[in-house]
Amino acid sequence: MGDIFNITEKPQNSPALLSDGGIAVTYGELQRQIEIIGKKISGRCLIFFMCKNEPGSVVGYAGALGNEAVPLLLDEGLKEAQLERLFDIYRPSYIWASAEWGKTHPQYVQKMVYETYDFGLWETGLTPYPLYPELGVLLATSGSTGDPKLVRLSYQNLVANAASICEYLHLNQSERPITTLPMQYSYGLSIINSHLLAGACILMTTASLVQTAFWDLFEKEQATSFGGVPYTYEILKRIHLFQKKLPSLRTITQAGGRLPVTLQKEVALWAEEQGISFYVMYGQTEATARMSYLPPERCLEKPGSIGRTIPGGKFYLADEAGKEIQGDDRIGELVYEGENVSLGYAQNREDLLLGDVRRGVLHTGDLARRDADGYYYIEGRQKRFVKIFGVRVSMDACEKILRERHPGVELACAGQDDCLKIYVKREPCEDENERLSATIIQELTEILQINRRGFRCFMVDEIPKTDSGKINYAQLASYDT
């Protein structure tokens, strides 16, 4: 697809990337790097990206897209067992990673063929294989339980969603967003994509919101926007951000799960007082990133709403038979149509040759209703997923993992966004119960790479069952103590 972000059309002296480490990359330099990387890559191939919120990550990403190589974006800190499994399944021709990472993972790489901005392109020695011509990027579906299922995004998906975001957020070259989300997360990536398309300068930092380094960069470089999941806004509340003035800040966005209504109102009031536009949004990786947004002027009027579709998109509600539901305040599955709907999934390298199986239609799996003004509200999930601090987690997958690790232990997983609850049948020995509870939470923390605050373990006398012998998940909530 080539120059999908129109890099060559941007003012070449304008800054594209700026880090707290003092690295500055102009659009002209970014284009130069794309051309160099193209000479180092042997044609169309798969590249594993071990991502960090540093300029080198984005330079490599732009270089891959600009030369029709397909990046699979992964966390640099991905557990070795999970990386090894993905590596064996997908067999990438190259890995783009920090120079330090490459040197400490010799089992995956043969030699570095290019280095820039503290990142390198490493050959793996594996032979390229055919890829679907429109395949642009691969993203993991969740925060990874080791499942090799990936979302296949086309070049058109990336361009359409970035352009739509630019339109409704009114992005231009004067924007200076600061990174608060991982690059390999679809929401974080969409911020990078849309701002590159807008010709803006992205402020990049690996510092967290609670670190002085983050706010030093924010103030020094006059950040104009940031995005966050519900957990981000909980942190901002704890550090009393909503009692401060940030003169350079113009826009804040939220997605990645339902924001508690009380917190949404608090943020909205603060934003309104400060003249900041606060956008509540809804999206899924399967739709590249975003499907809807709640306009700032409606935030206090319609708390809890995910708003209306992004430009170019369409929502409707479907009943169990798949028929469109008419009328207001009736609940059905939320279905989305748009150019940003992904091609489908991949579970092995042969799937990377598949075409567009979704054909622009995504059944979200979320149950929703539409009010009389045409604004949508999520009411629940058809399938058993929760979002913990913005990361989608399969409760069934967690059950499977824990049962494999603790054979003979009777357990079940349930919960809601930002809290996965594990119910375990109590043993006679209380010391054993305490040990098992602590072990389970520690295991999930390590496997999912999510803060332990996202998990609670309950010891119960029985795991409730239905008449057919299946776990009665609806009854589990009554066991919370």
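**View 1. Contact between helices H10 and H11 in the predicted model.** In this predicted model, Cys 398, Ile 401, Leu 402 and Arg 405 of H10 meet Ile 440, Glu 443, Leu 444, Ile 447 and Leu 448 of H11. Sorted by class, the residues at the contact of H10 with H11 comprise seven nonpolar and two charged residues, with no polar residue among them.

**View 2. Packing geometry of H10 against H11.** Two packed helices are described by the angle between their axes and by the distance between the axes. Helix H10, which spans residues 395-405, packs on helix H11, residues 430-448, at an angle of about 125°, and the two axes lie 11 Å apart. Because of this angle, H10 is classed as oblique to H11. The crossing in which H10 passes H11 is right-handed.

**View 3. Strand S1 and its surroundings.** Of the five residues of strand S1 (residues 15-19), four are buried, so the strand is largely enclosed by the rest of the structure. Strand S1 pairs with strand S2 (residues 24-26) in the antiparallel sense over three bridges, and with strand S10 (residues 202-204) in the parallel sense, also over three bridges. Within the pairing with S10, Ser 19 stands opposite Met 204.

**View 4. The hairpin of S1 and S2.** Strands S1 and S2 form a hairpin in which four residues lie between them, and Gly 22, located in the turn, has a positive phi of about 90°. Across the pair, Leu 17 has Val 25 in S2 as its bridge partner.

**View 5. The open sheet of S16, S17, S19 and S20.** Four strands, in the order S16-S17-S19-S20, form an open sheet whose pairing is antiparallel. Strand S16 (314-318) and strand S20 (376-381) stand at the edges with a single partner strand each, so one side of each of these strands is left without a neighbour in the sheet. On average, and with direction ignored, neighbouring strands of this sheet are turned by 50° against each other.

**View 6. Pairing of S19 with the edge strand S20.** Strand S19, which covers residues 361-370, pairs with S20 in the antiparallel sense over five bridges. Among the residues of this pair, Ala 368 stands opposite Ile 378 in S20. In a regular strand the side chains alternate between the two faces of the sheet.

How values were computed: Residues are numbered from 1 along each chain as its sequence is written. This is a predicted model: local features need pLDDT of at least 70, side-chain atom pairs count only at pLDDT 80 or more; totals for chains, interfaces and linings use all residues. Side-chain values use heavy atoms; hydrogens and water are left out. Two strands pair if DSSP finds at least two bridges between them. Helices (H or I, at least four residues) and strands (E, at least two) are DSSP runs, numbered from the N terminus. Axes are lines fitted to C-alpha atoms, for helices over the stretch in contact, and angles run from 0 to 180 degrees between N-to-C directions. Buried means under 20% relative accessible area, exposed over 50%, partly exposed in between (1.4 Å probe, protein chains only). Angles under 35 degrees count as roughly parallel, over 145 as roughly antiparallel, 65 to 115 as roughly perpendicular and the rest as oblique. A crossing is left-handed if the near helix is turned anticlockwise from the far one by less than a right angle, and right-handed if clockwise. Contact means heavy atoms within 4.5 Å. Ala, Val, Leu, Ile, Met, Phe, Trp, Tyr, Cys and Pro count as nonpolar, Asp, Glu, Lys and Arg as charged, and the others, Gly among them, as polar.
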